[in-house]
Structure formats: C-alpha cells, structure tokens
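Hello,

Here is the structure I promised to pass on to you. Please open it alongside this email, and I will walk you through what turned up.

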Amino acid sequence: ALEALRTGSYFVQAGEGAGRSPTEVQRVLAIQLFQRGKYRDAIFHATRMLRVEGRDPQLHALVAEAYRALGELEKARNHYLRALEGDRDALALRYGLLTVLWEQGRHKDLAAEARRILRREPSDATARYFESLALSKVAPADAGTLTALQEQVRVRGADPVVMTALAEAY
C-alpha cells in the first residue's frame, strides 16, 4: 500500500494526473504498479476499478497477468475468460489464456482453445505452437502429433519445450 501511495504521489506530482478523473488515475496507478512488479497492489487497484466500471477486458487482462506472475493460475484463467467475454476477437487475450492453460496442465482445454483460434486464423503460428504442445499430451502416439511437433522444430528451431514434447512422443 505504501508503494501505491508513493507511485500515486509521483504520478500526480509529475503532472500526469492533472485533469484526470480519480478512476483514470487509479487505472494508470494499477498499470504502473504492475510494471514495477507490485502485483498484489496492481490487483487491488484494478479489481477496485472493475467493481465500479464492470467489464473491462484490459483491466481483466492486467489482473490475469498479475495472478499468473504470482502463480495463481486458476484466478488468472478466470480473469482471461472474463476479459474474453468483453472482447472475443482479441488475440492477445487468447494467447494469454493459452499460456495459462499450458502452465495449468489443462491440455484438452488448451487444444480446444488453440483450435478455436485456428478456425479463424488457420496460419496463426502461436496457436499452432500451443496446439502441437497440447496434442503431445493428449494424443502422444498419434502420427499427427509427431508431424505437428516436427513442423514446430522446423519453424522454431530447437525450442526446448517442443524438443521435450517431441522426445516424449517418441
């Protein structure tokens, strides 16, 4: 809380808060706290704003990433899902969700989310990457899995996660 006060005071003294509403100041404060690695304080301020403003995909994404940084993956996943309720087409939000699903070991959900992206954007490299990793866990013996992982090696080179998945699939 003390760090939040210091950051907020600096923000106002620097003139950046001039002419802004208290909610705008609080939004910038949450972002600055996040950028400084003060994740709990960032969550506090962002969730306060969410209670006032309702659905805000950017704030939910900030809270999701803060929870992810703290290792609270279920909370991170929930906030990414809330963010996507407000902006279904935002690829950055979907990529964040893919990352959390991978870290949680929710491989079936990861495969489903990657396929959801690929239906809209068949050449999406990030979705292909996560799809191949998910397949390595849900269908490791499948020939399509090996092909997908081998393609990732061709595209990305010796990515350690892909190489591990490929070794496990053999």
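E168 is partly exposed, with a relative accessible area of 48%; please keep in mind that this is a predicted model. The side chain of E168 meets that of K137 in a salt bridge, with 3.0 Å from N to O. K137 also counts as partly exposed, at 37% relative accessibility. K137 belongs to helix α8 (residues 125-138) and E168 to helix α10 (residues 160-169), so this pair ties together parts that are 31 residues apart in sequence.

That pair has company: the structure holds 16 salt bridges. As background, side chains of opposite charge can pair when their charged atoms come close. Another example to look up is the salt bridge between E113 and R94, where the closest N and O atoms are 2.5 Å apart. Here the two partners come from helix α7 (residues 107-120), which holds E113, and helix α6 (residues 91-104), which holds R94, so the pair ties together parts that are 19 residues apart in sequence. Are these two residues buried or exposed? Both E113 and R94 are buried.

K75 and E72 form a salt bridge too, and their closest N and O atoms are 3.1 Å apart. With a relative accessible area of 40%, K75 is partly exposed.

There is also a group worth colouring in your viewer: E74, R77, R106 and D109 are joined into one network by salt bridges that share partners.

Now for the helices. If you turn to α2 (residues 22-35) and α3 (residues 39-53), you will find them packed at an angle of about 150 degrees, with their axes 8 Å apart. Angles over 145 degrees count as roughly antiparallel, and α2 and α3 are therefore roughly antiparallel to each other. The crossing in which α2 passes α3 is left-handed.

Which residues make the contact? On the α2 side they are T23, Q26, R27, L29, A30, L33 and F34. From α3 come Y39, D41, A42, H45, A46, R48, M49 and E53. Sorted by character, the residues of this contact of α2 with α3 comprise 8 nonpolar, 3 polar and 4 charged.

If you would like a place to begin, try selecting K137 and E168, the salt bridge between α8 and α10, and then move on to the α2 and α3 pair with its left-handed crossing. I hope you enjoy exploring it, and do write back with any questions.

Warm wishes

Terms used:
Residues are numbered from 1 along each chain as its sequence is written. This is a predicted model: local features need pLDDT of at least 70, side-chain atom pairs count only at pLDDT 80 or more; totals for chains, interfaces and linings use all residues. Side-chain values use heavy atoms; hydrogens and water are left out. Axes are lines fitted to C-alpha atoms, for helices over the stretch in contact, and angles run from 0 to 180 degrees between N-to-C directions. Helices (H or I, at least four residues) and strands (E, at least two) are DSSP runs, numbered from the N terminus. Angles under 35 degrees count as roughly parallel, over 145 as roughly antiparallel, 65 to 115 as roughly perpendicular and the rest as oblique. A crossing is left-handed if the near helix is turned anticlockwise from the far one by less than a right angle, and right-handed if clockwise. Contact means heavy atoms within 4.5 Å. Ala, Val, Leu, Ile, Met, Phe, Trp, Tyr, Cys and Pro count as nonpolar, Asp, Glu, Lys and Arg as charged, and the others, Gly among them, as polar. A salt bridge is a side-chain nitrogen of Lys or Arg within 4 Å of a carboxyl oxygen of Asp or Glu. Buried means under 20% relative accessible area, exposed over 50%, partly exposed in between (1.4 Å probe, protein chains only).
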